[in-house]
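Here is my note on this model. Have the sequence and the structure open as you read.

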Amino acid sequence: MGNLSQKIFSVAHYVANKVERPAVILLYHRVTTLQQDPQELSVTPANFNDQLAHLSSDYHVLDADRFLYHVKHKKAFPERSVFVTFDDGYADNYQEALPLLTMQQVPALFYITTSKINTAYELWWDDLERVLLNTDNLPLTLDIRINGHTWEYATDSPLATRETYFALQQVLRFCKPAEIAAVMQQLYEWSGLDATGRPSHRLMTWAELKALGSATYAAIGCHTHQHPALGMLSYEEQYTEIGLSKEILEGVLGAPQVHFSYPFGGRKFLGSKRYYNADSIKACKALGLQMVCANYYGQVHSWSNPYALPRILVRDWPLAVFRAHMQQFFKY
Ligand SMILES: [Zn+2]
């Protein structure tokens, strides 16, 4: 985003937040300590604990039912309202985040991608990292077929391999699930690895998911079955992806699911490539989902669209940095 448009957005947010007290939805993915985290999506348990203590003392953290009530009935939020969400369904959400949430008495909503639950397989961006950034003695070049075209990438130095990882990660985001699986298969053959993932990057088991679902400080939402960029799929394909995750979660948890978040979820797009579109909203409504989160910067007000709520990504910030960010999130 350019400097000028950034300023215009800040001013627009500032004015909206003056008109009505905003609520802020925070987005987390993982709470654990990793050897490498190229996507910077993991928060260490120590920093997470400090962040929760700060939220609990200085903010008004709403649970999923309460937040949904305000969104659905278009009611203004209490002062300094915060909502904590997690995407994807990593095992550490249950093992490391839940005990801290419970200790600090902070509720959170966990959006679950169902296809890799209870398996030894990693989500594809982690799998890509495992193959490219976590494997020694890779071949010096990578020829790979994606959507009918062959591309050549350099893997002859750590720097080149890292660039290849980030480039492929961008390309695969907008591929359909079957194409991503085909690309990963080529990568396994090229690297000599198999599909079995690392325990450090697994998703929850059914038992962990059930335990999370019945925990006092946790609620569950859907996040598609295979985590595609919905905007690349037909309406029918989107309906199936969203509906399947809802059906599976309802079966396992024995409770109706009304929450959903878009995979990736950004509003930015590449040409005709989008993370979600009008059909995504239509499919969510048809499936009876009531509150849907996206992933773009902004605050929530009573007039916000309940089918594309903004969320703010939290990084592995120490307390002082987190505190400063929180102050800013509520102003601009
Ligand atoms: Zn996700």
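**Notes on the fold and the zinc site**

1. Surface first. The accessible surface of the protein comes to about 14,800 Å² (Shrake-Rupley method, 1.4 Å probe). Carbon and sulfur atoms hold 53% of that surface.

2. Keep the ground rules in mind. This is a predicted model, where local features need pLDDT of at least 70, side-chain atom pairs count only at pLDDT 80 or more, and totals for chains, interfaces and linings use all residues. Residues are numbered from 1 along each chain as its sequence is written, and side-chain values use heavy atoms, with hydrogens and water left out.

3. Now the fold. The protein has eleven helices and twelve strands (DSSP runs: H or I, at least four residues, for helices; E, at least two, for strands; numbered from the N terminus). Its radius of gyration is 20 Å, taken over C-alpha atoms. The globule rule (2.2 Å times the number of residues to the power 0.38) gives 20 Å for 332 residues, so the protein is as compact as a globular protein of that length.

4. Look inside. Of the 332 residues, 52% are buried (under 20% relative accessible area, 1.4 Å probe, protein chains only).

5. Find the zinc ion. Asp88 (OD), His223 (NE2) and His227 (NE2) coordinate the ion at 2.1 Å. Donors are N, O and S atoms within 2.8 Å of the metal (3.2 Å for Na, K and Ca); water is not among the atoms, so sites may look incomplete.

6. Trace the chain. Asp88 lies in strand 5 (residues 81–88), and His223 in the loop between strand 9 (218–222) and helix 9 (235–253), so the pair ties together parts 135 residues apart in sequence. Asp88 is buried at 2% relative accessibility. His223 is buried at 1%.

Key
Buried < 20%, exposed > 50% of the residue type's maximum accessible area, 1.4 Å probe, protein only.
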